[in-house]
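Work through the exercises below with the sequence and the coordinates open. Each task is followed by a stepwise solution.

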Amino acid sequence: QKFDGMTKYDQTQRIMDDQYMYKGKTIPGTIKVVLDLMEEIEKEWDKFEAPFILIQSGIDKAVDPFLGIDFEKTCKSKDKTVIYFKDMWHAVFG
């Protein structure tokens, strides 16, 4: 597994040294299950009503940078905020 594109800094060794980081191989079919669930959940966005703050990075290589904006427009939450960092990578707090 590669971690390229998650951050602009080479933090691979620090990530791999983290005791909570899963270091095994991806089980076949895992990505398909995740993608299927993402499509299923996206169909339910219009039912979401809880308050939220979502932080989205603009040059994310793992998640579509516009998903947060689409979610904000679609959900019914009254108290909602999307903070969009145009020049930030996936590891927003890294």
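**Exercise 1. Place Ser 77 and list its contacts beyond four places in sequence.**

Step 1. Skip residues up to four places away in sequence; Ser 77 then touches Phe 48, Glu 49, Ala 50, Pro 51 and Phe 52.
Step 2. Locate the residue. Ser 77 sits in the loop between H3 and E2.
Step 3. Classify it. The model is a predicted one. Ser 77 has a relative accessible area of 4%. The cut-off for buried is under 20%, so Ser 77 is buried.

**Exercise 2. Find the largest nonpolar core and follow the contacts of Phe 52.**

Step 1. The largest nonpolar core has five residues: Trp 45, Phe 52, Phe 71, Cys 75 and Val 82.
Step 2. Take Phe 52 and leave aside neighbours within four places in sequence. Its contacts are Phe 71, Glu 72, Cys 75, Ser 77, Asp 79, Lys 80, Thr 81 and Val 82.
Step 3. Compare the two lists. Phe 71, Cys 75 and Val 82 are core members and contacts of Phe 52.
Step 4. Add the context. In soluble globular proteins, nonpolar side chains tend to be buried together.

**Exercise 3. State the order of the elements and the overall figures for the protein.**

Step 1. Count the elements. There are three helices and two strands.
Step 2. Read them from the N terminus: α-α-β-α-β.
Step 3. Turn to burial. Of the 94 residues, 16% are buried.
Step 4. Take the surface. The accessible area is about 7,700 Å², and carbon and sulfur atoms hold 59% of that.
Step 5. Check contact range. Among contacts with a separation of 6 or more, 71% join residues 24 or more positions apart.

**Exercise 4. Describe the largest pocket: volume, lining and contributing elements.**

Step 1. The volume of the largest pocket is about 290 Å³.
Step 2. Its lining holds 13 residues; Met 38, Glu 42, Trp 45, Val 63 and Leu 67 lie nearest the centre.
Step 3. Assign the lining to elements. Helix H2 (30-42), strand E1 (52-57) and helix H3 (67-74) each give two or more residues.
Step 4. Rank them. H2 gives the most, with four residues.
Step 5. Sort by chemistry. The lining has eight nonpolar, two polar and three charged residues.
Step 6. Link back to Exercise 2. Trp 45 lies among the residues nearest the pocket centre and also belongs to the largest nonpolar core.

**Exercise 5. Is Lys 43 buried or exposed, and how far is its C-alpha from that of Thr 74?**

Step 1. Lys 43 is in the loop between H2 and E1.
Step 2. Its relative accessibility is 66%. Exposed requires over 50%, so Lys 43 counts as exposed.
Step 3. Lys 43 and Thr 74 are 31 residues apart along the chain, and 9.9 Å separates their C-alpha atoms.

**Exercise 6. Analyse Phe 85 and Asp 87 in turn.**

Step 1. Phe 85 belongs to strand E2. With a relative accessible area of 36%, Phe 85 is partly exposed.
Step 2. Beyond four places in sequence, Phe 85 contacts Ile 55, Gln 56, Ser 57 and Gly 58.
Step 3. Take one of these partners. Gly 58 is 27 residues from Phe 85 in sequence, with a C-alpha to C-alpha distance of 5.7 Å.
Step 4. Move on to Asp 87, in the segment after strand E2 (80-85). Asp 87 counts as exposed because its relative accessibility is 59%.
Step 5. Asp 87 and Ile 59 are 28 residues apart in sequence, while their C-alpha atoms are 6.0 Å apart.

Note on methods:
Residues numbered from 1 in each chain as written. Predicted model: local features only at pLDDT ≥ 70, side-chain atom pairs only at ≥ 80, totals over all residues. Heavy atoms only, no water. Core = buried A, V, L, I, M, F, W, Y, C linked by side-chain atoms within 4.5 Å. Buried < 20%, exposed > 50% of the residue type's maximum accessible area, 1.4 Å probe, protein only. Contact = heavy atoms within 4.5 Å. 1 Å grid on protein atoms, 1.4 Å probe; cavity = no way out; pocket = protein on both sides within 12 Å on 5 of 7 lines; lining within 4 Å. Points joined across faces, edges and corners; volume = space filled by probe spheres on them. Nonpolar A, V, L, I, M, F, W, Y, C, P; charged D, E, K, R; others polar. Areas by Shrake-Rupley, 256 points an atom, 1.4 Å probe, with all protein chains shown as cover.
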